[in-house]
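Colleague: Could you walk me through this model? I'd like to talk about its overall build and its core.

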Amino acid sequence: MNSNRTRVAKGGVLVLGGGFAGSYVARELGRTGATIVNPTNFMLYTPLLPEAAAGSVEPRHVAVPLRTMAPDADLVLGSAVGVDPARRIVEVESDAGRFELAYADLVVALGAVTRMPDIPGLCDHAFGLKDIADAIRLRNHVLRQVELADAAPDQAVRRLTFVFAGAGFAGVEVLAELHELVSEALTRHPRLAGIEPTWLLLDGGSRILRQMPEQLAEFAHRTLGERGVEILTGTSLASIEPGVATLAGGRRIETETVVWTAGVTPNPLLRELNLPLDGRGRVRVDETLRVVGAPSIWALGDCAAVPNGATPGETDPATCQHALRQARVLAKNLRRTPRPYRYRTRGQMATLGRRHGVALIGRLPVNGLLGWHIARGYHLLQLPFAARRLRVLADWTTAAMFRRDVAELSFPGAQTAFPTSALPEAPSGPR
Ligand SMILES: Cc1cc2nc3c(=O)[nH]c(=O)nc-3n(C[C@H](O)[C@H](O)[C@H](O)COP(=O)(O)OP(=O)(O)OC[C@H]3O[C@@H](n4cnc5c(N)ncnc54)[C@H](O)[C@@H]3O)c2cc1C
């Protein structure tokens, strides 16, 4: 490392990544303090990203300022680019230059990136949904397709065909939300009255929402099917060219919109940090969240393979729910004799648009309007800070009272697909 500027992490704890896991570690450390390194000054509440993409929640309201999340922490805007465990130094690159940060304890919470397998055209033509820019970009694009269909009705079938690859929580939720947005937007286009949009949901697995019990996944399947969504399980995307998506098996679909939500893979930077990784590229930690063989380094969240005392032999799935519980234990373990982490999942939920949802509360499956209320209520409670909850509640209330806002939000690159976040698939393969 060649930097000549060295700073010392506040309270000795340096947290790499200010997402769900990292921000909660810093918050839980309270006055002890920590230094967070993150490329942006906010943590993203991702469960509401599909709603931000459809405009029922303001995108800004799902971003929580890190300085509010962890008021006693020091925030360094930038990206970690290297770790020297022998010197206990992390090298950081930022717009203010490159410098070193010294630590006593290092917390690695670098999250995951969208998995990008080698499908021709995927990087150039598909839309992802991993951050706020993705959500705004997708909403702009979808609204623009409606406008362009109106401008040239001979192109309307292609413009109003929407393909979603990946039927996990994010794929199902964003399809359902955008379906509602497009239906509402079309009510303002009498010229397109006779045209029914086409919606396709693909998944390589045998059913949608594989993380959910079968009964709830079936409800979701039926609900989307009744809205005219064609669901193709056991089907994968073969290629994308401008205006055409081709499925494995050869079916060609004329479309301008392919949304890729088929999984995530651990942050590729982990491979350059010389930390022990499992077969999926996640940092290996012991039951106290300490990195195997590295006494002063800890890891958690989507970038770590975290063994859970409540589910012996298994590692935690990549969810906010688990990242938050891991963060609470890790923050305590930094200040005491480390204790093992264990957490029993409380439930799972997904919204399906149009006041429908599915939820699993403990072992109790709930669907329909009640499932929708539970899912929304849960996210509202999980969202940090009363002020932010009120903002989201106000968004939902105005969305219920008035017609949807269909104005595009323009910013440079707003109409392009993946380019900013495109990353080749990590050699580890799918998660
Ligand atoms: C659209 C979507 C919907 C989701 N819905 C749900 C849901 O409903 N329920 C649920 O439980 N989970 C959901 N998830 C999953 C959830 O978002 C993740 O499990 C959770 O965010 C993991 O937290 P994390 O801190 O490990 O990673 P992240 O929250 O991704 O945070 C990683 C952080 O590291 C930062 N970073 C990256 N590289 C560097 C670097 N070099 N230096 C410094 N910082 C860096 C990133 O900018 C980011 O801030 C969803 C995810 C998505 C994408």
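Colleague: Okay, what radius of gyration does the chain have, set against a compact globule with 431 residues?

Modeller: Ground rules: this is a predicted model, where local features need pLDDT of at least 70, side-chain atom pairs count only at pLDDT 80 or more, and totals for chains, interfaces and linings use all residues. Residues are numbered from 1 along each chain as its sequence is written. The radius is taken over C-alpha atoms, and the globule rule is 2.2 Å times the number of residues to the power 0.38. For 431 residues that rule comes out near 22 Å, which agrees with the chain's 22 Å.

Colleague: How far apart are the C-alpha centres of domain 1 and domain 2?

Modeller: The chain divides into domain 1 (6-114 + 265-333) and domain 2 (122-262), with bounds from an automatic or database domain assignment. 12 residues of domain 1 are in contact with 17 of domain 2, contact being C-beta atoms, placed from the backbone, within 7 Å. Their C-alpha centres are separated by 32 Å.

Colleague: And where does the largest nonpolar core lie, and why?

Modeller: That core has 125 residues, among them Val-25 and Leu-300; a core here is a set of buried Ala, Val, Leu, Ile, Met, Phe, Trp, Tyr and Cys residues joined through C-beta atoms within 7 Å. Buried means 20 or more other C-beta atoms within 10 Å of a residue's own, with C-beta atoms placed from the backbone. Both domains give residues to this core, so it lies between domain 1 and domain 2.

Terms used. Buried ≥ 20, exposed ≤ 12 C-beta atoms within 10 Å, placed from the backbone. Contact = placed C-beta atoms within 7 Å.
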